[in-house]
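Q: Got a minute to walk me through this one? I'd like to start with how the chains meet.

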Protein chains: 2
Amino acid sequence: MRTMYRKKMMQAKNKDPAAQDQKAQLSKRLRAAGLRVTEPRLALARLLFTDGNHHVTAETLHKQVQAAGLSISLATIYNSLHQFMEAGFLRQIVVDANHSYFDTNISPHHHFFITDENRLIDIPADDITITNLPAIPDGLEMKRVDVIIRVNNAPAPAE
Amino acid sequence: MRTMYRKKMMQAKNKDPAAQDQKAQLSKRLRAAGLRVTEPRLALARLLFTDGNHHVTAETLHKQVQAAGLSISLATIYNSLHQFMEAGFLRQIVVDANHSYFDTNISPHHHFFITDENRLIDIPADDITITNLPAIPDGLEMKRVDVIIRVNNAPAPAE
DNA sequence: GATTTTTTTTAGAATTATTCTAAATAATCC
DNA sequence: GGATTATTTAGAATAATTCTAAAAAAAATC
């Protein structure tokens with residue numbers, strides 16, 4: 001990462017005690033997952049694991065990075081998303097055959113997918129009850145169950 | 001389509017009365033959907049809508065075409081899959097962020113997805129009971145509900 | 001702190017899946 | 001059979017993702 005200007009901005013901002021504590025916690029999680037603590041990883045972790053749950057694609061995360069005045073290559077973003085997923089920090093959600101979505105909420109849950117906006121909304125697992133699951137075919141074992149409810153914008157009612 | 005040899009084979013095979021009846025039925029469906037009846041469309045329709053339900057990607061369908069000794073361009077296959085879907089003959093199933101799957105079973109149902117084999121198995125809608133669906137967020141309307149149960153090969157039990 | 005080692009990041013190339021395009025071909029209508 | 005319209009085609013283009021070699025950064029060692 002070459003942009004010293006942006007690096008200094010980050011370092012200044014990170015002198016804040018709360019920020020330093022967050023950095024310490026994120027660093028701990030990264031090390032626990034066998035990942036080196038690097039500036040790009042910390043920056044991505046902050047964007048992903050702050051202010052509640054998020055759904056991102058590589059592209060939307062890249063835009064958030066740029067909006068935050070940072071500079072991280074797209075390749076690093078793809079790389080990091082996959083490493084965070086393998087570390088168990090993220091879950092992949094498949095709702096579009098041409099984009100990979102990643103969810104910071106790793107507990108079992110389901111989703112609304114708003115097709116007009118390519119946007120996901122979490123549905124808590126308890127809000128959907130699935131009974132009467134079919135028998136798993138022989139020789140196979142269940143990995144995970146996803147319920148995707150595709151919705152679109154309702155047409156405005158006629159005046 | 002230039003391969004006269006293959007074309008003659010098809011035409012010879014299609015003299016069979018059952019085949020001619022099938023061709024007439026498929027032609028009727030194509031016309032009803034506003035699609036011209038062409039050799040490639042008939043050939044793809046036969047592969048898709050014969051012998052029960054199928055799940056295909058463009059690539060797997062292309063291979064079936066070649067295995068049947070036919071020659072249809074990959075662009076035509078993509079084109080036709082989308083036209084059949086828009087005509088209501090196929091449903092798209094999203095289980096992988098890098099491939100589009102198409103299902104000839106257009107009635108409401110769900111799927112097992114065998115991740116080791118990239119293969120789908122239908123689950124009849126009645127085999128899964130979803131109760132307690134959450135309220136649709138304001139301004140949105142439901143399009144469709146998909147349940148995907150991801151499974152993989154079970155490890156062989158230790159001897 | 002400097003050096004060495006290892007890992008990561010990077011920019012751009014490469015790959016893969018899908019879509020686009022202009023020209024040729026085929027289907028339909030007359 | 002000719003005219004018109006739609007489709008097919010091969011290959012280019014696009015988009016999303018992965019790969020690569022070199023540079024940079026992080027960690028370990030001294």
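**Chain contacts and strands**

A: Sure: the contact takes 42 residues from chain B and 42 residues from chain A, where contact means heavy atoms within 4.5 Å. This is a predicted model, where local features need pLDDT of at least 70 and side-chain atom pairs count only at pLDDT 80 or more, while totals for chains, interfaces and linings use all residues. Residues are numbered from 1 along each chain as its sequence is written, chains are lettered from A and ligands numbered from 1 in the order written, and side-chain values use heavy atoms, with hydrogens and water left out.

Q: How are the two copies related, what turn and shift lay chain B on chain A?
A: A turn of 180 degrees with a shift of 0.0 Å along the axis lays chain B on chain A, at an RMSD of 0.1 Å (least squares on C-alpha atoms of residues with pLDDT of at least 70 in both). The two copies are thus related as by a two-fold rotation axis.

Q: And which surface do the copies meet through?
A: The same one, because 100% of the interface residues of chain B are also interface residues in chain A.

Q: How much area do chain B and chain A bury?
A: About 3,400 Å² between them, with 59% of it on carbon and sulfur atoms. That's the accessible area (1.4 Å probe) the two parts lose on being put together, summed over both.

Q: How many salt bridges between chain B and chain A?
A: The count is two, taking a salt bridge as a side-chain nitrogen of Lys or Arg within 4 Å of a carboxyl oxygen of Asp or Glu. One salt bridge joins the side chains of B:Arg150 and A:Asp146, at 2.8 Å, N to O.

Q: Which strand of chain B gives the most to the side that touches chain A?
A: Strand 7 of chain B, with 14 residues. Strands here are DSSP runs (E, at least two residues), numbered from the N terminus.

Q: Which strands pair across the two chains?
A: Strand 6 (residues 129–131) of chain A pairs with strand 6 of chain B, antiparallel, over three bridges; pairing needs at least two DSSP bridges. A:Thr129 has B:Thr131 as its bridge partner there.

Q: Switching topic: what do strands 4 and 5 of chain A form?
A: A hairpin with four residues between the strands, and A:Asn118 in the turn has a positive phi of about 50 degrees. Strand 4 (109–114) and strand 5 (119–124) of chain A pair in the antiparallel sense over six bridges, and A:His110 is partnered with A:Ile123.
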